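Student: Please take me closely through one part of this model. I would like to begin with a single residue and work outwards, with each term explained as it comes up.

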Amino acid sequence: MLNALHDAASTSIPPETWRDLTVMIIDPNHYMRGIVADALRRLNIGSIISAPTADDAREAAHTIKPQIIIVDWAAGGMSGLEYTRSVRRNEQGVLRETPIILLASSVAHDQLIAARQSGINELLLKPVSVRAMKSRVEEVVLRPRKFIDSRHYVGPCRRRKQSADYYGPWRRLVDEPGIKQNPIRSPEDHSKLRAMVAQLTDYAVQDADDTRMVIRGLYRLLEKNLPSVEELEDEVLCRVWRSGLRYVEGVGMTDSYDPEVMLRHFQSIANILDMPDDAYLHRDSVAKELERLVTKRIHSVEQTARGAA
């Protein structure tokens, strides 16, 4: 039923489909099982099964096959992550492709990574609202991700966004890497962009008493020339240019501003212009490195600001 709904490219779940769904809740807390069940009832879910432990859930699965499983981080007898891995290994009496929504009070970054690695489909944080529950159910019903069965991971594809226009590094050895063909730039395009970069470089390194004035002028030049860069229709060059803009926006008017970061962006643009268009992976890695650097610097400024507050 879920596959049929997906094949139909539906944008919303029909009322009759809500009524046909069978959902299993696994949570050792009786009160929380009631809250989750109430949210499901408000969505008109037709069949709701509750179990305090993974063992009870296994017994119930012998007679009733759930189409969606909602499991608490502490599933009772085993953790929600252990239960998910067990399902993916086909050890719980349910289809190992069954969508699993993990229920948690809060999740740190490393816990989120661990949950994703275990093979969950969605994460639902407490307190549970009907709106949030509806969103997670719609996600697994309307937008199911490809099921991956590999040596090191079994579960839904961890890349949420599946883009037909993605030409970056392939995800697994069995994938066929795409070849990105960028528009061929004319010598005039090269000269124009190199002139922009030279102007920006000179502006960034000028010796001025008013550093903030230099930063403002640099930002205006970056913003003014962005449409011209976008006209080149080169995705990687645009990413590097926007990365520089993002750095000035996020760090520019603080004491943490480092002109060397901007010079790295300008030098990277010059390097990219010297690379062949078919060297996409190399060009892409340059953009990613700059994007990571900018994210790290902005995060550092935000942490400093929170500490001062």
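Tutor: We begin with one residue, move to its sheet, and then turn to salt bridges and the cores.

This is a predicted model, so local features need pLDDT of at least 70 and side-chain atom pairs count only at pLDDT 80 or more, while totals for chains, interfaces and linings use all residues. Residues are numbered from 1 along each chain as its sequence is written, and side-chain values use heavy atoms, with hydrogens and water left out.

Start at D72. It lies in strand β3, residues 68-72. Helices (H or I, at least four residues) and strands (E, at least two) are DSSP runs, numbered from the N terminus. D72 counts as buried, because its relative accessibility is 7%. Buried means under 20% relative accessible area, exposed over 50%, and partly exposed in between (1.4 Å probe, protein chains only).

What does D72 touch, leaving aside its neighbours within four places in sequence? The residues in contact with D72 are I26, D27, P28, G80, L102, L103 and K126. Contact means heavy atoms within 4.5 Å. With K126 there is also a polar contact, side chain to side chain, at 2.8 Å. A polar contact is a pair of N or O atoms within 3.5 Å; within protein, one must be able to donate a hydrogen and the other to accept it, and residues adjacent in sequence count only if both atoms are side-chain atoms.

Now widen the view. Five strands form an open sheet in the order β2-β1-β3-β4-β5, with parallel pairing. β2 (47-51) and β5 (122-125) stand at the edges with a single partner strand each, so one side of each has no neighbour in the sheet. The twist averages 20° from one strand to the next. Two strands pair if DSSP finds at least two bridges between them. β1 (residues 22-26) and β2 pair in the parallel sense over five bridges. One of the bridge partners is S47 in β2, matched with T22. Across β1 and β2 lies helix α4 (residues 54-61), running at about 155° to β1. Axes are lines fitted to C-alpha atoms, for helices over the stretch in contact, and angles run from 0 to 180 degrees between N-to-C directions.

Next, charged pairs. The structure holds 17 salt bridges. A salt bridge is a side-chain nitrogen of Lys or Arg within 4 Å of a carboxyl oxygen of Asp or Glu. D38 and R42 make one, at 3.2 Å, N to O. They are about one helical turn apart, because they are four residues apart in helix α3 (residues 30-42). D38 is partly exposed at 31% relative accessibility, and R42 is exposed at 58%.

D234 forms a salt bridge with R283, with the closest N and O atoms 2.6 Å apart. D234 is in the loop between α9 and α10 and R283 is in helix α12, so the pair ties together parts 49 residues apart in sequence. Both D234 and R283 are buried.

Finally, the cores. A nonpolar core is a set of buried Ala, Val, Leu, Ile, Met, Phe, Trp, Tyr and Cys residues joined through side-chain atoms within 4.5 Å. The largest has 38 residues; L218 and W241 are among those that touch the most other members. α10 gives the most to this core, with nine residues. Apart from it lies another core, of 24 residues, including W18 and I101.
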